Amino acid sequence: MAKSKSHFPEISTIAYEGTGSTNALAFRHYNPAEVIDGKTMKEHMRFGIAYWHSFRGTGGDPFGPGTIQRPWEKGGDSVSTAKRRMDAAFEFFQKIEAPFWCFHDRDIAPEGRTLAESNKNLAAVVAHAKQLQKATGVKLLWGTANLFSNPRFMCGASTNPDAHVFAYSAAQVKSAMDATLELGGENYVFWGGREGYETLLNTNLKREQDHLARFLHMAVDYAKSIGFKGQFLIEPKPKEPTKHQYDFDVASGIAFLRTYGLEKYFKFNIETNHATLAGHTFNHEIEVAASQGMLGSIDANSGDELLGWDTDQFSTDVRQLTLAMISILRAGGLGSGGFNFDAKLRRPSIDLEDLFIAHIGGMDAYALAFKIARRILAEGKFEQFVADRYSSFDTGYGQDIETGKANFKSLEKLVLTKLGEPTLRSGKQEYLENLLMQYLHG
């Protein structure tokens, strides 16, 4: 493959310069080559770049068209433009030291007038991506299908009341799964962007949920037939764009998967901004998934708490990320998952270097949070406090409660004859928050 010209000629590979650096185009905390517990930081963090925001985002919003214009975007949305765009993307992946990337099918290849034409376009661009992956060593973290942008999906994809749309959605996901397999993707994500409803006046809720489950079972069956061994991931999101989203949060997702016998095939891709829109904290969603062995991957971004929609900003909130990292490390990590920067530049951030600076900030914040979380867990102060707080369940009647030996009658007798009124114990929340602050700023 002939070497193409640089799309970022004035920007070199981003170097680690340490905490004393004032260079905006350098890492201060993320040192990809740093070895911790026998693995490099690049291997620990498994950072991924979201193709849709970084290379298809234009800065547009509901109140105006895009502001971002890139030099490689020439001549419309042809396959040749898509390949040139991908050349720029892989140059960026290398220079930002990201080992992975992620895509929707319609991000990387233009949609045709027919499904056959769309599939042909996708195949051509996937072949180009495969060459670039081989040349650069960058891998695919996950792929997915865009089943929400085209007007045909205005009432959902697998939950659409029209069987024709269901069939079209299945065909499109089949092609996206084929592409993910071809590129060695380690996961495949299902995000039900319009799988929900606006009003029950025109909706058969049970039938739609049955259809969604049937769709996912079909995907499981197809993955087995083509030998795809990657992890399937569900990405929950509430309220946007659909008022009543079927994949509202992790807890409702777990209930859905278990109801339909899908729980052994799926884990969760948790997005920070989606968690907060659901009224949860980021680490709450991680803990819920981890408690059931269903933590899979992370979409790394943040939202603006003053805005009630998905702003997809780069997160630099080290406190929030440290709490998340504690939960992730306690759960044993993300396995085949990673930290995908599902985040976009702000509308006025139009320079090429802004794309680098934004990712540098996010990668540094996650790397710093990772290191702080490791120290917190190694010293064990929080773990010991929690263990002590629940220690009454470790022996005696508390242990009998957990093992099923106790019942209402035995516990009533115990309270009446021996225990009496419980002694209150402080939860020490303020002390623990101050302790966390010491780790963050000490």
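**View A. Helix 5 and helix 6 lie roughly parallel to each other in this predicted model.** Their axes cross at roughly 15° and come within 10 Å. That angle is under 35 degrees, the limit for this class, so the pair counts as roughly parallel. The crossing is right-handed. On the helix 5 side, the contact is made by Leu115, Asn119, Leu122, Val126 and Lys130. Helix 6 contributes Tyr168, Ala171, Ser175, Ala179 and Glu182.

**View B. Helix 5 spans residues 115-136.** The helix holds 22 residues. From first C-alpha to last, helix 5 reaches 31 Å. This is close to the 32 Å expected at 1.5 Å a residue. Its buried residues are Ser118, Asn121, Leu122, Val125, Val126, His128, Ala129, Leu132 and Gln133. Two of these, Leu122 and Val126, are buried and also take part in the contact with helix 6. The buried set packs against three helices: helix 3 (79-95), helix 4 (105-108) and helix 6 (163-182). It also packs against strand 6 (100-104) and strand 7 (139-144). Just after the helix comes Gly137, with a positive phi of about 85°.

**View C. Strand 6 is largely enclosed by the rest of the structure.** Five of its five residues are buried, hence the enclosure. Phe100, Cys102 and His104 point one way from the strand. Trp101 and Phe103 point the other way. In a regular strand, side chains alternate between the two faces of the sheet. Strand 6 has parallel partners in strand 5, over three bridges, and in strand 7, over five bridges. Opposite Phe100 in strand 7 stands Lys139. Towards strand 5, Phe100 is the bridge partner of Gly48, and Trp101 is the bridge partner of Ile49.

**View D. Strand 5 (residues 47-50) is paired with strand 6 and with strand 14.** Phe47 and Ile49 point one way from strand 5. Gly48 and Ala50 point the other way. All of these residues are buried. The pairing with strand 14 (residues 339-341) is parallel and runs over three bridges. Ile49 has a bridge partner in each neighbour: Trp101 in strand 6 and Phe341 in strand 14.

**View E. Eight strands form a closed barrel.** The order is 5-6-7-8-10-12-13-14, and the pairing is parallel. From one strand to the next, the twist averages 30°. Helix 12 (residues 352-379) packs on the sheet. Helix 12 touches strand 5, strand 13 and strand 14. Its direction makes about 155° with that of strand 14. Strand 13 (residues 295-299) pairs with strand 14 in the parallel sense over two bridges. Here Ile298 stands opposite Phe339 of strand 14.

**View F. Lys371 sits in helix 12.** Is this residue buried, exposed or partly exposed? Lys371 has a relative accessible area of 26%, which makes it partly exposed. The buried class ends at under 20%, and the exposed class begins at over 50%. Leaving aside residues up to four places away in sequence, Lys371 touches His29, Glu34 and Met41. Ser54 lies 317 residues from Lys371 along the chain. The C-alpha atoms of these two residues are separated by 27 Å.

**View G. Helix 13 and helix 16 are roughly antiparallel to each other.** Helix 13 covers residues 381-389, and helix 16 covers residues 429-441. Their axes come within 11 Å. They cross at roughly 165°. Angles over 145 degrees count as roughly antiparallel, so this pair falls in that class. The crossing is left-handed. From helix 13, Lys381, Phe382 and Phe385 join the contact. They meet Leu432, Leu435, Leu436 and Tyr439 of helix 16.

Methods. Residues numbered from 1 in each chain as written. Predicted model: local features only at pLDDT ≥ 70, side-chain atom pairs only at ≥ 80, totals over all residues. Heavy atoms only, no water. Helix = DSSP H or I, 4+ residues; strand = E, 2+ residues; numbered from the N terminus. Expected span 1.5 Å × (residues − 1). Buried < 20%, exposed > 50% of the residue type's maximum accessible area, 1.4 Å probe, protein only. Contact = heavy atoms within 4.5 Å. Pairing = 2+ DSSP bridges. Axes fitted to C-alpha atoms, helices over the stretch in contact; angles between N-to-C directions. Parallel < 35°, antiparallel > 145°, perpendicular 65-115°, else oblique. Left-handed = near helix turned anticlockwise from the far one by under 90°.
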